[in-house]
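User: I'm new to this one and would like a walk through it. Could you take my questions one at a time?

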Amino acid sequence: MTEQERRKFERVKRKFIVTYRSLQEPSATFDISQIKDISLGGMRFIASRYYPPETALQIELQTPFIKERLVLHARVLESREIAADLIYDTRVIFPDLNEEAKHYLTRITEIFTKKDKEKQGE
């Protein structure tokens, strides 16, 4: 089974800005990054530190479609070191999205999936 077949939600590869912090550290400040891909089920981004699996994160997503930042609660699946103590490829899921978040993430996926298919001439 390919990775694409295992996915419940279609992912789009775009570089939206996110800020994020651990919900398990109340005094933690927000870090900033860009996402690598996103779907209704989760996202992948580069973090500046390692997060153990199951870590709860608050993520604020900025896109051209939303005037304000979209606040998402995520849970870490994997945080894989890319550069020692500096860069971590981090995969998260969205365990319980509210209706607003579902609406915007669905819309983002639809828009960019359509644009990608048009580029490929489908």
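Analyst: Sure. One definition to start with: two strands pair if DSSP finds at least two bridges between them. Keep in mind that this is a predicted model.

User: With that in hand, how many residues lie between β2 and β3 in their hairpin?
Analyst: β2 and β3 pair in the antiparallel sense, over three bridges. They form a hairpin, and the number of residues between them is three.

User: Let's step back. In what order do the elements of the chain run from the N terminus on?
Analyst: The chain has two helices and six strands. Reading from the N terminus on, the order is α-β-β-β-β-β-β-α.

User: What share of the residues in the chain is buried?
Analyst: Buried here means under 20% relative accessible area. The chain has 122 residues, and the buried share of them is 38%.

User: And how much area does the chain expose?
Analyst: Carbon and sulfur atoms supply 49% of the exposed area. The total for the chain is about 7700 Å².

User: What share of the contacts with a separation of 6 or more comes from residues 24 or more positions apart?
Analyst: A contact means heavy atoms within 4.5 Å. Among contacts in the chain with a separation of 6 or more, residues 24 or more positions apart account for 55%.

User: Back to the strands. Which residue in β2 is the bridge partner of Ile17?
Analyst: Strand β1 covers residues 17-22 and strand β2 covers residues 31-38. The two run antiparallel and are joined by four bridges. In β2, the partner of Ile17 is Gln34.

User: Which residue in β3 stands opposite Asp37?
Analyst: β2 and β3 are an antiparallel pair. Opposite Asp37, in β3, stands Arg44.

User: Now for charges. How far apart are the closest N and O atoms of Arg44 and Asp89?
Analyst: Arg44 is in strand β3 (residues 42-47) and Asp89 in strand β6 (residues 87-93), so the pair links distant parts of the chain, 45 residues apart. A salt bridge needs the nitrogen within 4 Å of the oxygen. Arg44 and Asp89 form one, with their closest N and O atoms apart by 3.4 Å.

User: Is Asp89 buried or exposed?
Analyst: The cut-off for buried is under 20% relative accessible area. Its salt-bridge partner Arg44 is partly exposed at 22%. Asp89 has a relative accessible area of 4%, so Asp89 is buried.

User: Which arginine meets Asp89 in a salt bridge at 3.2 Å, N to O?
Analyst: The residue in question counts as partly exposed, at 43% relative accessibility. The side chain that meets Asp89 at 3.2 Å belongs to Arg80.

User: Which residues are linked with Arg44 and Asp89 in a network of salt bridges?
Analyst: Arg44 and Asp89 form a salt bridge, and Asp89 also meets Arg80 in one. The others linked with Arg44 and Asp89 in the network are Arg11, Lys36, Asp37 and Arg80.

User: What separates Arg107 and Glu110 along helix α2?
Analyst: These two form a salt bridge, with the closest N and O atoms 3.9 Å apart. Arg107 counts as partly exposed at 42%, and Glu110 does too at 46%. They sit three residues apart in helix α2 (residues 99-119), so the separation is about one helical turn.

User: How many salt bridges does the count come to?
Analyst: The rule asks for a Lys or Arg side-chain nitrogen within 4 Å of an Asp or Glu carboxyl oxygen. By this rule, the count comes to 10.

User: Which residues form the nonpolar patch on the surface?
Analyst: Together they have about 260 Å² of accessible area. One of them is found in strand β6 and is partly exposed, with a relative accessible area of 30%. The members are Ile82, Leu86 and Ile87.

User: What is the phi of Glu54?
Analyst: Most residues other than glycine have a negative phi. Glu54 lies in the loop between β3 and β4 (56-62), and is partly exposed at 48%. Although Glu54 is not a glycine, its phi is positive, at about 80 degrees.

User: And where is Asp85?
Analyst: Asp85 also has a positive phi, near 55 degrees. At 66% relative accessibility, Asp85 counts as exposed. Its place is in the loop between β5 (70-83) and β6.

Definitions and conventions:
Residues numbered from 1 in each chain as written. Predicted model: local features only at pLDDT ≥ 70, side-chain atom pairs only at ≥ 80, totals over all residues. Heavy atoms only, no water. Buried < 20%, exposed > 50% of the residue type's maximum accessible area, 1.4 Å probe, protein only. Patch = residues over 30% accessible without salt bridge, like charges linked within 9 Å, V, L, I, M, F, W, Y side chains within 5 Å. Areas by Shrake-Rupley, 256 points an atom, 1.4 Å probe, with all protein chains shown as cover.
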